[in-house]
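User: I'm new to this structure and would love a close look at a single part of it. Could you take your time and walk me through it?

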Amino acid sequence: MNVLVILGHPTPESLCGSLATRYGERADAAGANVQTLVLADLEFDAARTVRYGYERELEPDLLRAQEAITWADHLVFVYPTWWALMPALLKGFLDRTFLPGFAFAYQKSKPFPLKLLKGKTARLLVTMDSPSWWFNLIVGRPGHNAMKRGVLQFCGVSPVKITSFNTVRTSSDAKRQGWLEQAANLAANDLQRFAKPQSETSAKEQVAS
């Protein structure tokens, strides 16, 4: 199983960075092929205005990111929730990489596009300072809904599982260590849950070669 861990926190030396590392290490130990994208280390203009159909040539790091996404069977996004949404760095990455012709394709006379990332699965590891009840009931989970329904499922990624880590600001060291162990356990469980049959994996490798 090919696993791509995408760290969307602007500061890699963060709790999100530790969660991403722990998930990737456990997935690797369980036999997965693991790649990691640290968005803060990529060179691209996250704020460039995108006009679909008029996108200029992508920066080399974004082209490599698209190759990694194509390669992956399972996508893992790790990021914080700020102002009820994902950070601007991650939003800019999605705007610049999940483009028509890559993540989806418009269809004439049809309201919904073809889902070009169909067959992939995803796990979201999301940190936040807000209590879960407030984020879910009062705010309405805007960041979760945007990533799961508006981006990933829109492009065919399914299922998309979300794990929230609340509340970071008041958490103890022991609590954070428990979260890291939880991320590791999720990696092991995800590989068992989402692993493709051997025949399907072999067919994919033959096509890729």
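How are α2 and α3 oriented relative to each other?

Analyst: Happy to help! Please keep in mind that this is a predicted model. Let's begin with the two helices you asked about and then look at their surroundings.

Helix α2 covers residues 60-71, and helix α3 covers residues 88-97. Their axes come within 10 Å and cross at roughly 80°. An angle from 65 to 115 degrees counts as roughly perpendicular, so α2 and α3 are roughly perpendicular to each other. In general, the angle between the axes and the distance between them are what describe two packed helices.

Now for the residues that meet there. From α2 come Leu62, Ala65, Gln66 and Ile69, while α3 brings Phe93, Arg96 and Thr97. By character, the residues of this contact divide into 4 nonpolar, 2 polar and 1 charged.

If you follow the chain back from α3 towards β3, you enter the loop between these two elements, and tryptophan 83 has its place there. Tryptophan 83 is worth a pause: its phi is near 50°, a positive value in a residue other than glycine.

Strand β3, at residues 74-80, brings us to the sheet. This is an open sheet of 5 strands in the order β2-β1-β3-β6-β7, with parallel pairing. At its edges are β2 (33-38) and β7 (160-165), each of which pairs on one side only. From one strand to the next, the twist averages 15°. As a general point, strands of a sheet pair through backbone hydrogen bonds, either parallel or antiparallel.

Take the β2 edge to begin with. Strand β1 (residues 2-7) runs parallel to β2, and 6 bridges join them. Within this pair, valine 5 stands opposite threonine 36 in β2. To get from β1 to β2, the chain passes through helix α1 (residues 15-29), making a right-handed β-α-β crossover.

At the other edge, β6 (residues 121-127) pairs with β7 in the parallel sense, over 6 bridges. Here leucine 124 has isoleucine 162 in β7 as its bridge partner. Helix α5 (residues 142-152) lies across β3, β6 and β7, and runs at about 160° to β7. An angle over 145 degrees counts as roughly antiparallel, so this description fits α5 and β7.

Both sides of β7 have something to show in the backbone. In the loop between α5 and β7 you will find proline 159, and the peptide bond from serine 158 to proline 159 is cis, with omega near 0°. Beyond the strand, another cis peptide bond joins asparagine 166 and threonine 167, with omega about -25°.

Threonine 167 belongs to the loop between β7 and α6 (173-194). Its side chain makes a polar contact of 2.8 Å with the side chain of threonine 170. Setting aside neighbours within four places in sequence, threonine 167 is in contact with Met128, Asp129, Ser130, Pro131 and Trp179.

To come back to your question, α2 and α3 are roughly perpendicular to each other, with axes that cross at roughly 80°.

Methods
Residues are numbered from 1 along each chain as its sequence is written. This is a predicted model: local features need pLDDT of at least 70, side-chain atom pairs count only at pLDDT 80 or more; totals for chains, interfaces and linings use all residues. Side-chain values use heavy atoms; hydrogens and water are left out. Two strands pair if DSSP finds at least two bridges between them. Helices (H or I, at least four residues) and strands (E, at least two) are DSSP runs, numbered from the N terminus. Axes are lines fitted to C-alpha atoms, for helices over the stretch in contact, and angles run from 0 to 180 degrees between N-to-C directions. Contact means heavy atoms within 4.5 Å. A crossover is right-handed if, with the strands pointing away from the viewer, the path from the first strand over the helix to the second runs clockwise. Angles under 35 degrees count as roughly parallel, over 145 as roughly antiparallel, 65 to 115 as roughly perpendicular and the rest as oblique. Ala, Val, Leu, Ile, Met, Phe, Trp, Tyr, Cys and Pro count as nonpolar, Asp, Glu, Lys and Arg as charged, and the others, Gly among them, as polar. A polar contact is a pair of N or O atoms within 3.5 Å; within protein, one must be able to donate a hydrogen and the other to accept it, and residues adjacent in sequence count only if both atoms are side-chain atoms.
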